[in-house]
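Reader: I have a new model open and would like to learn how to read its contacts. Could you walk me through it?

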Amino acid sequence: MLVPKITTLLNHSLTIKQLKQLHGLILIHGLNHFDRSLIHNLITSKSNHSQTINHYLRSILHHSKHPDVDSTTSAMRYLCKHGEFHEAFGLYVRLQRSRLLVSTFAVASALKACGRIGDGNGGIMVHGQVFRYGFCGDVYVETGLVGFYVKVGDMESARKVFDEMSERNVVSWNTMIDGYLRSGDLSMAEGLFFGMGNKDVVSWNSMVSGYLRRGDMEKALRLFEEMPERKQSSWNAMISGYVECEKVDLARKFYDSMPQRNSISCITMIGGYSKCGDVVSARELFSEMGMKDHLLYNAMIACYTKNGRPKEALQLFDEMLKLNVHVDKMTLAAVISACSQLGDLSFGSWIHEIYMKQIRISMDDHLLTALIDLYAKCGSIDKAFDLFHNLHKKDVVAYTAMILGCGINGKEHVAIKLFDEMMESKIRPNLVTFSGLLTALSHVGMVEESYHCFNSMKRYGLVPTPDHYSLMVEILGRAGRLEEAHNLIKSMPMLPHSGVWGALLLACSTHNNVELGEIAAKHCFELEADSSGYGSLLANIYASVGRWEDAKRLRKSIHEKGLVKVPGSSWMDHVHDMT
DNA sequence: AAAAATGGTT
């Protein structure tokens, strides 16, 4: 009597609450065979509380004793669609372990998940199973394999699978073209693009943005005009291509002239303005949009945090909460970053400990990295380390956050150890990594180590920025090696900013070096008004070597002229005369 | 059924 009732009910579209009640009944009566339709109903549910669904889905699958291939597969597809790639791959592994014969669908989803989380070994394992199960002839599976190898950057294997495919479709071709474009191999991409038969909008779009990424405006424009049909996504591809090669104004031209904008067009533009630091224009576009979805909010909040405006980011987050706008992982990643910029541990850990559980957002590596940075900056280095060990995959950004965190928490040797560990894992450091490492080294005064570190940047194809020089000057200066510091500045291929000379000046003041101090102060004033008290530093040097008259004159001059840079002012002349 | 746009480090 109960069974037909449940069957009828499950054929209807139900709310989460109703489904939970029904699930209770199913569990009590041990009617496990209903799990399938329960899951199906859940996945096709119109409800937009995707986080709640994710959570519930996992708990049903976890509790059912005999996982069923079809429902697990649809759950995997659902999880992939909602960005829960670890969960999706986890289900695949579970399926494997239960020795059930997986389907081609499950394999395709598993490959997608592995590609997205960068799980190279996982994907290669699935590739092996593809042979074992004889799925080699399946277009979806093989396209999935091509996609996986493209994502992990292994174009050779991608090509090998592609070449051996018995049957190819548009998606297989497009995936290969996209892969070549991303790996910078334009001619291979062109070869495929012009050689393929049935191009669709995606093929045209990726080729157009591929040209733009390389800065080839003419070819991109020509292709754009040749396109048989221009969809919104094609215009958006132009915008994002211009944004990627830092041509925001041209991107804006296309934005203004496209027949119909959607929220992605606006998000892309906001990203472009964010990149070049034009927060005002970004906000203008944001405000102009009538209907604002959560993605638009995410883009604007990220723009604020990336440009060092955490307060505004949190204000906007507040607005989201008030207007009941959907909050997702991307929102929280940016908000947590805003918290660490402000040093606001209480709000940040509220998000971590309470809010995330409340709205059922599961942890991922990006969120963990943001939290690692938060706890480290707020002095909870042990907590940061705990989270660091929870990462699925430790990448450059995670290592960098942790190295810097150790550096500012008096664990310089751990920072160095982490860097070595990173090298062993063959993870390529970037400019920020070296900033963090040099910051750590500057605290322990290991000059030779610092030189080694600084010089090794070139080996990774990295050009030190003025900030890196600044750190080196600080390290050399602290060790009293002022001449060396000065020579390093003179060797700089770019114009040193005031921070570099400022670091030298500071070192001169602790080591009472008048000669170099004057040179450094002169440069500081040429580059910037005396907002950082450079004049007083120099005056202190004079005083410390007993040149009371010079010190007095300088102090008087600062006092009279204020802290503003005045070209040709008396004390500037004085400094010029002396050097 | 398939691919792709936003998030984390100075």
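Author: Gladly. This is a predicted model, and we can begin at the DNA: an N or O atom in the side chain of Asn169 is 2.7 Å from a base nitrogen of DNA strand B.

Reader: Which parts of DNA strand B do Lys112 and Ser337 approach?

Author: Both bring us to the backbone. A polar side-chain atom of Lys112 lies 3.2 Å from a phosphate oxygen of DNA strand B. For Ser337, an N or O atom of the side chain is 2.9 Å from a phosphate oxygen of that strand.

Reader: And which elements give two or more residues to the surface near DNA strand B?

Author: They are helix 7 (104-117), helix 9 (139-151), helix 11 (170-182), helix 19 (294-306), helix 21 (329-342), helix 23 (365-377), helix 25 (396-408) and helix 27 (431-444).

Reader: How many residues surround DNA strand B, and which are the closest?

Author: There are 32 residues around DNA strand B, and the closest are Phe105, Lys151, Val202, Lys306 and Lys377. By class, this surface has 13 nonpolar, nine polar and ten charged residues. Now turn to the DNA side: of the atoms of DNA strand B within 4 Å of the protein, 34% belong to sugar or phosphate, and the rest belong to bases.

Reader: Let's move to the helices. How should I read a packed pair?

Author: Two packed helices are described by the distance between their axes and the angle between those axes. Try helix 13 (residues 201-213) and helix 15 (residues 232-244): their axes come within 8 Å and cross at roughly 20°. Angles under 35 degrees count as roughly parallel, so helix 13 and helix 15 are roughly parallel to each other.

Reader: Is that crossing left-handed or right-handed, and which residues meet there?

Author: The crossing of helix 13 and helix 15 is right-handed. Helix 13 brings Val201, Asn205, Val208, Ser209, Leu212 and Arg213, which meet Ser233, Ser234, Ala237, Met238, Gly241, Tyr242 and Glu244 in helix 15. By class, the contact has six nonpolar, five polar and two charged residues.

Reader: Helix 27 also appeared at the DNA surface. How do helix 27 and helix 29 cross?

Author: Their axes come within 10 Å and cross at roughly 15°, which means that helix 27 is roughly parallel to helix 29. This crossing is left-handed. Helix 27 makes the contact through Leu431, Phe434, Ser435, Leu438, Thr439, Leu441, Ser442 and His443, and helix 29 through His468, Leu471, Met472, Glu474, Ile475 and Arg478. These residues divide into seven nonpolar, five polar and two charged.

Reader: At what angle do the axes of helix 28 and helix 29 cross?

Author: The axes of helix 28 (residues 447-456) and helix 29 (residues 466-478) come within 10 Å and cross at roughly 165°. Because of that angle, helix 28 is roughly antiparallel to helix 29. Helix 28 passes helix 29 in a left-handed crossing. From helix 28, Val447, Ser450, Tyr451 and Phe454 make the contact with His468, Tyr469, Met472, Ile475 and Leu476 of helix 29.

Reader: How do the residues of that contact divide by class?

Author: In the contact of helix 28 with helix 29, seven are nonpolar, two are polar and none is charged.

Methods
Residues numbered from 1 in each chain as written. Chains lettered and ligands numbered in written order. Predicted model: local features only at pLDDT ≥ 70, side-chain atom pairs only at ≥ 80, totals over all residues. Heavy atoms only, no water. Axes fitted to C-alpha atoms, helices over the stretch in contact; angles between N-to-C directions. Helix = DSSP H or I, 4+ residues; strand = E, 2+ residues; numbered from the N terminus. Parallel < 35°, antiparallel > 145°, perpendicular 65-115°, else oblique. Left-handed = near helix turned anticlockwise from the far one by under 90°. Contact = heavy atoms within 4.5 Å. Nonpolar A, V, L, I, M, F, W, Y, C, P; charged D, E, K, R; others polar. Near = heavy atom within 4 Å. Polar contact = N/O pair within 3.5 Å; in protein donor to acceptor, adjacent residues only side chain to side chain.
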